[in-house]
Amino acid sequence: MAFSRLWSDTLPRSVSKKFVAMLCTLFTLLYFMHCLTDRCSTAPAPERASGQAAQDWRAPRNKMLLQKWIATGFADDAPLFGGESEQRSHLSSSNPTSAVWSGSAGKLSPLSDGTKKLPQAIIIGVKKGGTRALLEFLRVHPDIRAVGAEPHFFDRHYDRGLDWYRELMPRTLEGQITMEKTPSYFVTREAPARIYAMSRDTKLIVVVRDPVTRAVSDYTQTLSKKPDIPTFESLTFRNRSVGLIDTSWSAVQIGIYAKHLDNWLRFFPLRQMLFVSGERLISDPAGELARVQDFLGLKRIVTDKHFYFNQTKGFPCLKKAEGSSKPHCLGKTKGRTHPGIQPQVLQRLRQFYRPFNMKFYQMTGHNFGWEA
């Protein structure tokens, strides 16, 4: 009683009320800070699920990263996170969802939208044939969602299992198609059986190009990374004096399309495979894209209005890249200047490939005109 009289005598009533209010506010803030550190036993906590759901609840930062649709440049290897070695480290990590690439429209959407599915269509080849261009052109279509980095599941990471592979895929809605592209699948002997084991209904797309031009392009890419490699001529021939081609060199071997196709036809019928001309992908991108969209059972949305021809680079570019309102061409690794090759060497290579090309034309029912 004496204390209350002393308090009222020493402080005006209005000041004492303000002081009490400040104390209450301070205690309230301290209490909330205490709860935010997860040490508050009286505040109701959200019910935590068990198993995978609990793991997802405890890792909101990881899941928030997946809400951002990434729009990058169009490098030849298209590493999602920068350099090729960094890309491999992300694909090899225990959290492969970090490598997910945006599909359509480049819009943010709630993480609960759609589900991750194994791909219904795969671009299986060929290296330096135009696979990157085709994938980026297709990604403009709103019903196609694709992984940007090459997963290399069926040739390098098969032991990781289908669950790991599925986690690499972007989320898709009903009616959307999940895709990926890894050109080395076409020349990997085990790939057809492994893809068949995943789904016998998988649609396969192969982008092919004049094997001689493809070999030179392959060599040019390697030369840009390893300037001290032997000349194209020395790698092409096992015995130059008799014109014996070294078929063990990968740049030559990849172009024997009939040999590799024969391996795929043991598991998949021809009707499940579409062969895209790498040359026509440059001269008539809309025409080739129409064939691909028909093959995938999609409406022809990607048309000639999406492209313009870049005279400097010498190939078509997108007027509006996926996730962007600006025109965009493939990266600087496209359109490299080829080194000078002796005409006799190129002529000998054409002679070597001619019978294999003819067989390939017969197998696919399409003449690509590489002999002209």
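How much area does the protein chain expose, and what percentage of it do carbon and sulfur atoms supply? In this predicted model, the exposed area comes to about 20100 Å², with 55% supplied by carbon and sulfur atoms.

**Figure 1. Overall view of the predicted protein chain.** The secondary structure consists of 15 helices and eleven strands. The chain has 372 residues, of which 43% are buried. Among contacts with a separation of 6 or more, 71% are between residues 24 or more positions apart.

**Figure 2. Cavities of the structure.** Two cavities of 30 Å³ or more are present. The second largest cavity holds about 40 Å³ of space.

**Figure 3. Lining residues of the second largest cavity.** Asp210, Pro211 and Val212 belong to the lining. Arg350, Tyr353 and Asn357 also line this cavity, as do Trp370 and Glu371. Sorted by class, the lining contains four nonpolar residues, three charged residues and one polar residue.

**Figure 4. Helices at the second largest cavity.** Helix H9 (211-225) and helix H15 (343-364) are the elements that each contribute two or more residues to the lining. H15 provides the largest share, three residues. Lining residues that fall within the range of H15 (343-364) are Arg350, Tyr353 and Asn357. Pro211 and Val212 fall within the range of H9 (211-225).

Definitions and conventions. Residues numbered from 1 in each chain as written. Predicted model: local features only at pLDDT ≥ 70, side-chain atom pairs only at ≥ 80, totals over all residues. Heavy atoms only, no water. Helix = DSSP H or I, 4+ residues; strand = E, 2+ residues; numbered from the N terminus. Buried < 20%, exposed > 50% of the residue type's maximum accessible area, 1.4 Å probe, protein only. Contact = heavy atoms within 4.5 Å. Areas by Shrake-Rupley, 256 points an atom, 1.4 Å probe, with all protein chains shown as cover. 1 Å grid on protein atoms, 1.4 Å probe; cavity = no way out; pocket = protein on both sides within 12 Å on 5 of 7 lines; lining within 4 Å. Points joined across faces, edges and corners; volume = space filled by probe spheres on them. Nonpolar A, V, L, I, M, F, W, Y, C, P; charged D, E, K, R; others polar.
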